[in-house]
Amino acid sequence: TYQNRALSLEQANIKLAKRRLALSNFLWVNDVPVELQPTIRPQTALSEQEVDMLLEIESFQPELFALETHPKLRSMNFKIEGLRVDKRLKANKLLPRIDLQYNFLTETPEIARSFNTAEYKGGVIFRFPLFLRKERGDLKLAKLKLQDATYDFQSTELQLQNNLSALSQELASFDRQNTMVNDIVINYETLLAAEERKFSFGESSLFLVNSRENKLIESTLKQNELQNKFFTTKAKLFKELAINPSTLQ
C-alpha cells in the first residue's frame, strides 16, 4: 500500500509540474514571462459562487439568454448585411445608365447675369450592355455568397444553442453528482473512524483499517475529479458565452 501511494504521489508530482509550466505560458509581468514557483498552490477552498462571480456567469439562464446578442452571431450578422449591400450593388449594374448633361455657354462667365437661354449645350447619354454576362455572373455569385453566409449563420446559431443547452444540463448533472460524492466521502470517513475505534479496542484488524482508508482515498480522489470537471465545464460555458469579464478588463 505504501509503495502504491508513493508511486501515485510521483505521478501526481510530474503532472503538477507539467501543468505548472503550461500555466506559466500565460503569466507575464511588464511584458516579461514569469514562471510559476513551486510554492504557489491552487486555492482548494474555492466555492462555486466565487467561480461564477469571477466569470460573471452567475445570472446565466439558457431559456432567457438572447442568442442575437452573442458576439459571434453579431459578427456573422454584420457580414450578412455587407453581402446584402454587395448584392444590391451587383443588381444595380444590370440597370441601364442614363447621363443627362446641360451646360450654358457664355463669353463672360465672371458676370452672374450673363446667362442666355438661347446659348446652351445639352445632351443625353444612354448606356446598356448587350450581353451582361459578367454582371449576371457577379450577381449570381453575390446571391450564392449571401445564401452561404445565411446558412452558416443558422447553423452556428443552432450549434451555439445546443452547446449552451448541453453545458447547462452537464452542470446540473455535476451538481447532483457532487452532492452524492460528498455524501459518500462523509460516510467513508465515518466508517474509517469507526473501524479505527474498533481496532483500538482490539475488535478489528489493520487490514480492515487499510481497506476502509483505501475506500476513503478513492472516494476523495473521485470527489476532486468531479469538482475539477465541474469547474472545467463552467470555464467552457464562459468560453461559449464569449463574455469579457469586467474584473479582467
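# A guided look at the core and its helices

Author: Welcome! In this predicted model, the largest nonpolar core has 24 residues, and those with the most contacts inside it are Ile57, Leu164, Leu237 and Leu241.

Reader: Which helix gives the most to this core?

Author: H2, helix H3 (71-92), H4 and H5 each supply at least two residues of the core. With nine residues, the one that gives the most is H4.

Reader: Leu241 is among the residues with the most contacts in the core. Which residues is Leu241 in contact with, leaving aside its neighbours within four places in sequence?

Author: Leu241 is one of the buried residues of H5, and those buried residues pack against H2, H3 and H4. Leaving aside neighbours within four places in sequence, the contacts of Leu241 are Ile57, Phe60, Phe65, His70, Pro71 and Leu164.

Reader: Phe60 and Phe65 are both on that list. Why is their ring pair called edge-to-face?

Author: The structure holds three aromatic pairs. In the pair of Phe60 and Phe65, the ring centres are 5.9 Å apart. Planes over 60 degrees apart count as edge-to-face, so this pair qualifies because its planes stand at 65 degrees.

Reader: Is Phe60 buried or exposed, and how does Phe65 count?

Author: The cut-off for buried is under 20% relative accessible area. Phe60, at 17%, is therefore buried. Phe65 has 25% relative accessibility, so the verdict for Phe65 is partly exposed.

Reader: Which residues form an aromatic cluster?

Author: Two of the members, Phe230 and Phe231, are among the buried residues of H5. Together with a third residue they make one cluster: Phe174, Phe230 and Phe231.

Reader: What distance separates the end C-alpha atoms of H5?

Author: H5 has 36 residues, and at 1.5 Å a residue they should span 52 Å. The model agrees with that expectation, because the end C-alpha atoms are apart by 52 Å.

Reader: What phi does Ala242 take?

Author: Ala242 comes just after H5. Its phi is positive, at about 55 degrees.

Reader: Let's turn to charges. How many residues apart in sequence are the parts that Glu213 and Arg5 tie together?

Author: Side chains of opposite charge can pair when their charged atoms come close. Glu213 forms a salt bridge with Arg5, with the closest N and O atoms 3.4 Å apart. Glu213 lies in helix H5 (residues 206-241) and Arg5 in helix H1 (residues 2-24), so the parts they tie together are apart in sequence by 208 residues.

Reader: Are Lys234 and Asp52 buried or exposed?

Author: The side chains of Lys234 and Asp52 meet in a salt bridge, 2.9 Å from N to O. Lys234 lies in helix H5 and Asp52 in helix H2 (residues 48-55), so this pair ties together parts 182 residues apart in sequence. As for accessibility, both Lys234 and Asp52 are buried.

Reader: In which helix do Lys134 and Asp138 lie?

Author: The side chains of Lys134 and Asp138 meet in a salt bridge, at 3.0 Å from N to O. Lys134 is exposed, at 59% relative accessible area, whereas Asp138 counts as partly exposed at 22%. The two are four residues apart, about one turn of the helix, and both lie in H4 (residues 133-200).

Reader: Which residues are joined into one network by salt bridges that share partners?

Author: A search of the whole structure finds eight salt bridges. Those that share partners join three residues into one network: Glu48, Asp52 and Lys234.

Methods: Residues numbered from 1 in each chain as written. Predicted model: local features only at pLDDT ≥ 70, side-chain atom pairs only at ≥ 80, totals over all residues. Heavy atoms only, no water. Salt bridge = Lys/Arg side-chain N within 4 Å of Asp/Glu carboxyl O. Buried < 20%, exposed > 50% of the residue type's maximum accessible area, 1.4 Å probe, protein only. Phe/Tyr/Trp six-rings, centres within 6.5 Å; stacked < 30°, edge-to-face > 60°. Core = buried A, V, L, I, M, F, W, Y, C linked by side-chain atoms within 4.5 Å. Contact = heavy atoms within 4.5 Å. Expected span 1.5 Å × (residues − 1).
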